[in-house]
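Me: I have a structure open and want to go through it with you. Can we start with the basics and then take it region by region?

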Amino acid sequence: MIGRAGRPGLDTSGMAIIMTDNASKLKYESLARGLGSAESQMIPKLIDVVNTEISQRVIKNIDDAVRWLKTTFLFACLKENPPRFGVDLQSQTLDDFILSQCSNAIESLCKCGLVGEADDLFPLAGSHIMSQSMVPFKAMKTIAALPFDATQCQVLRMLSSMEDLHVPVRRLEKKPLNACHKSEVIRYKLEGPLSKVRIQDPSEKAFVLLQAYIAHEDFENYTLRQEMSTLADKAQCVLMAAQEHSTRGSRHGQVALQCLKLRRSLQLCLWGESSGVLNQIQDIGHKCTAQLKMNGIVSFDQAMAATEDQIERASGRPKPFGKRLHTIVSKILQERLVMTAEIEYTRESNIPASVQCHLRFPSQVPLNSNSEKAKVNYTLVRYNRP
């Protein structure tokens, strides 16, 4: 929509310029002359909108849904031009059409496990997550269908199958995409012999670009770089919703873990510690990280163990790069926390009763605990990336 053109309080008129392609030019010219009319676009998104109203407890039953829909712009458009929405008044009334649309939307939400139905409709965890994360119903349905033991590759394929992440494969993009898929930067390959696989459809393109983003692949094609960044942002939103649904809804811990790991990889452009973690530090890019990795400097501890001269020779950077890296890594490791998880079992049984977690800095003395309890130690590093 075009807002108020001109300066409020000073101008009585203003100019708004619409920039579009030739195919859409006639459409906007007609709208500017007042020859066209605005039409509701709610029908394709009706399930998403109904879910939002259910999650806010506005709609509690089918009658509420029908009453709510009659207050929308869609109903006004339906009364004005029923055939535009496929309504044949000779075979059904407007009330019948609205009732069937609302019933279908609610039935779809219930089948997907997003909404429960007893005396009244009530939102489940997935309904709130879908509404708050603004994830489309099709995407939420795909998330809910993930198996309880889904691998990281399966989660990645789930993301690639979503229509919101699909962009067309252009002719000039096929060669760089195919070359990238054959390279080592792509951890998970498409099915089929590597030499014969060709990137043809948008889902395959998304599958390759998301992995290329994590590996910090630098395409010469500007459009590919822009699309890769956009896909990564959208994928992180979907992964957040999938993680929340696995935690609060389906309670599939494995799925939540894989979503968390993949989201972290997209945020840091890093598959894991084995790929080198030093690229998270400002001014240390992936090329420098790769050079350090070739010389055995991968982790923060290895960076501290190496001398300043060794770091500078390995990275090809001049002084005082080694000293600056030591200073930064030292500050990071000072923020390190050690978490001890102690599992308590029921008496004379191997059934876990509870888990107690303790956090401490490495310099602190560990808490006294019963030696019969099973202990697991984790090291956490809190680090705000500059």
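Reply: What follows is a short run through a pocket, some salt bridges, a helix and a few backbone details.

Me: What kind of model is this, and how are the residues numbered?
Reply: It is a predicted model, in which local features need pLDDT of at least 70, side-chain atom pairs count only at pLDDT 80 or more, and totals for chains, interfaces and linings use all residues. Residues are numbered from 1 along each chain as its sequence is written, and side-chain values use heavy atoms, with hydrogens and water left out.

Me: What volume does the second largest pocket have?
Reply: About 550 Å³. A pocket here is an open set of points on a 1 Å grid over the protein atoms alone, where a 1.4 Å probe fits, with protein on both sides within 12 Å along at least five of seven lines. Grid points are joined across faces, edges and corners, and the volume is the space filled by probe spheres set on the points.

Me: Which residues are closest to its centre?
Reply: Val-185, Ala-215, His-216, His-286 and Ala-290, out of 18 that line the second largest pocket. Lining residues have an atom within 4 Å of a point.

Me: Which helix gives the largest share of that lining?
Reply: Helix H13 (residues 286-294), with five residues. Helices (H or I, at least four residues) and strands (E, at least two) are DSSP runs, numbered from the N terminus.

Me: And how does the lining divide by residue type?
Reply: Seven nonpolar, six polar and five charged. Ala, Val, Leu, Ile, Met, Phe, Trp, Tyr, Cys and Pro count as nonpolar, Asp, Glu, Lys and Arg as charged, and the others, Gly among them, as polar.

Me: Back to His-216. Where is it, and is it buried or exposed?
Reply: His-216 sits in the loop between H10 and H11. Its relative accessible area is 47%, so it is partly exposed; buried means under 20%, exposed over 50%, and partly exposed in between (1.4 Å probe, protein chains only). Phi of His-216 is positive, near 60°, in a residue other than glycine.

Me: Which other residue that is not a glycine has a positive phi of about 60°?
Reply: Arg-251. Arg-251 is in the loop between H11 and helix H12 (253-268) and is exposed, at 65% relative accessible area.

Me: Why point those out?
Reply: Because most residues other than glycine have a negative phi, and most peptide bonds are trans. On the second count, a cis peptide bond joins Lys-319 and Pro-320, with omega about 0°. Pro-320 is in the loop between helix H15 (308-315) and helix H16 (321-334).

Me: Switching to charges. How many salt bridges in the whole structure?
Reply: A search finds 11. A salt bridge is a side-chain nitrogen of Lys or Arg within 4 Å of a carboxyl oxygen of Asp or Glu.

Me: Which residue does Asp-64 pair with?
Reply: Arg-67, with the closest N and O atoms 2.4 Å apart. Both are in helix H3 (residues 62-69), three residues apart, about one turn of the helix. Asp-64 is buried at 17% relative accessible area, whereas Arg-67 is exposed at 52%.

Me: What about Lys-70?
Reply: Lys-70 meets Asp-95 in a salt bridge (3.1 Å, N to O). Lys-70 is in the loop between H3 and helix H4 (73-80) and Asp-95 in helix H5 (residues 94-111), so the pair ties together parts 25 residues apart in sequence.

Me: And Glu-227?
Reply: Glu-227 forms a salt bridge with Lys-205 (2.7 Å, N to O). The pair links helix H11 (residues 222-249) to helix H10 (residues 202-214), 22 residues apart. Both residues are buried. Through shared partners, salt bridges join Arg-170, Glu-173, Lys-205 and Glu-227 into one network.

Me: Where is Glu-53, and what is its nearest side chain of opposite charge?
Reply: Glu-53 is in helix H2 (residues 46-55). Glu-53 is buried yet has no salt bridge, and the nearest side chain of opposite charge, Arg-57, is 11 Å away. For charge, Lys and Arg count as positive and Asp and Glu as negative; His and the chain ends are not counted.

Me: What is Glu-53 in contact with, then?
Reply: Leaving aside neighbours within four places in sequence, Val-58, Ile-59 and Trp-68. Contact means heavy atoms within 4.5 Å.

Me: How many residues of H2 are buried?
Reply: Seven of its 10.
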